[in-house]
Amino acid sequence: MPRAIYLDHAATTPVATEAVSAMTKCLEDPLRFANPSSIHAAGQAAASEEKHAREQVANLIGADPATLLWTSGATEANNLAILGGARFRAHRGRHLVTMRTEHKAVVDPFKALEKNGYEVTWLTPDAGGLLSFDELRAAIRNDTQLVSIMHVNNETGVIQDVGAIGELCREHDVLYHCDAAQSAGKLPLDVMSAKIDLLSLTAHKFYGPPGIGALYIANRDGCGVEPILYGGGQQRRLRPGTLPVHLIAGCGAAAGLMANNRSRNLAHVQKLYEVLWDGIKGLPDIFLNGNAEQHFPGILNVSAAGVEGESLLLALEPLCVASGSACNSLSSEPSYVLRALGRSDQLAQSAIRFSFGHDTALKDIEFARDRYISAVRRLREVAPPAHQDSRA
Ligand SMILES: *Cc1c(COP(=O)(O)O)cnc(C)c1O
């Protein structure tokens, strides 16, 4: 059995050694394991760990540390932002705007709100996955309260212009929520200059542990959320529950690493992307899913005409990559994100998402490139498509 090659960083990243040490320290230290709400010495030692981590995460997005709430990850942060933000502003109006290509953790809270008397406008991106500003501007009405549009798409890597969206939303006094799970720590991101009101992130997409994330809530009039969980008084009652200080410390350590190495990391994944895509694009009838210019280089999503997705995934072993129905790999439904870009069922279903990071070696990307090329050639030979479906 050849060694597995992990190219699924958009699903989760490996945990950095520094994050593991920070977590172990909290769990093993005779003081730091304590509940940070306690006023005794042990509680205060834990509280100071938490404060340090909060500063590191706030620094990643240019936020005041006091504006962050810890959550269990981006799913919870998105739910709190969308359900909580819509309820906070419900007395002003009940219209909301989002895109069809958002993560399920954004799509599904909006669907829940639709069942509860809110109206949602679902914007469709262009064929490259980009938002049309004219359509966003046209969608905003007098009763619009919240717009949710992600930074980097988890399937295609397409980057939306969050600064332009923030500007437009602020102009119309609409809350702007941004799911930044794929970009936090990897791309420059500044909540103040981009005029973002609510921002979700999660540690396990930037080399921290799973189970911890944060929601940024801008400190300005008219911006806020109603809680979706009720309990103790922690975190201004907006997100009660005892804080998992070890996870928080791991998240902080990972955030610190990302902040210190961002441009070097980005240059490395850019180089890997070029090697992979330059090789693959030489094959006939290969389609890049997403935008060739405005994309995060750590994600490459490609479709091959006339190739069946599941066979391709098998033929790609030992590569750990995601398929066109990856995010819900329990179903073989073609990805709704790729369908929203106008891809045919066949092309969406043949899609492979390679996602990698600063820890990925060049030789592994070269291996992946060669494996993909030979797998597509071989599958096309054994089962030549009756007619090539080359609709772009
Ligand atoms: C991974 C991801 C999420 C979900 O994050 P969890 O921390 O796993 O809940 C949400 N949005 C995007 C864009 C993601 O990539």
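This report walks through the ligand site and the pocket that holds it, in a predicted model.

Let's start with the ligand's neighbours. A shell of 13 residues surrounds the ligand, and the closest are Thr 75, Asp 179, Gln 182, Thr 202 and Lys 205. By character, this shell splits into eight polar residues, three nonpolar and two charged. Helix 3, which spans residues 74–88, gives the largest share of the shell, with three residues.

Some polar contacts to the ligand are set out here.

| Ligand atom | Protein partner | Distance |
|---|---|---|
| Oxygen | Ala 74, polar backbone atom | 3.0 Å |
| Nitrogen | Asp 179, N or O atom in the side chain | 2.7 Å |
| Oxygen | Lys 205, polar side-chain atom | 2.6 Å |

Asp 179 and Lys 205, both listed among the closest residues, thus appear here through their side chains, while Ala 74 takes part through its backbone. Taken alone, the ligand exposes 380 Å², and the protein buries 88% of that area.

Now for the surroundings. Where does the ligand sit? Its place is the largest pocket, which has a volume of about 300 Å³. This pocket is lined by 24 residues; Ala 10, Ala 11, His 103, His 204 and Lys 205 lie nearest its centre. Lys 205 is therefore a residue to look at twice, as it is named both among the closest to the ligand and among those nearest the pocket centre.

The lining consists of 10 nonpolar, nine polar and five charged residues. Helix 3 again provides the largest share, here four residues of the pocket lining.

Methods:
Residues are numbered from 1 along each chain as its sequence is written. This is a predicted model: local features need pLDDT of at least 70, side-chain atom pairs count only at pLDDT 80 or more; totals for chains, interfaces and linings use all residues. Side-chain values use heavy atoms; hydrogens and water are left out. A residue is near a molecule or strand if one of its heavy atoms lies within 4 Å of it. A polar contact is a pair of N or O atoms within 3.5 Å; within protein, one must be able to donate a hydrogen and the other to accept it, and residues adjacent in sequence count only if both atoms are side-chain atoms. Accessible areas come from the Shrake-Rupley method with a 1.4 Å probe; for residues, only the protein chains shown count as cover. On a 1 Å grid over the protein atoms alone, a cavity is a set of points where a 1.4 Å probe fits but cannot get out, and a pocket is an open set with protein on both sides within 12 Å along at least five of seven lines; lining residues have an atom within 4 Å of a point. A molecule sits in a cavity or pocket if more than half of its atoms lie within 2 Å of its grid points. Helices (H or I, at least four residues) and strands (E, at least two) are DSSP runs, numbered from the N terminus. Ala, Val, Leu, Ile, Met, Phe, Trp, Tyr, Cys and Pro count as nonpolar, Asp, Glu, Lys and Arg as charged, and the others, Gly among them, as polar. Grid points are joined across faces, edges and corners, and a volume is the space filled by probe spheres set on the points.
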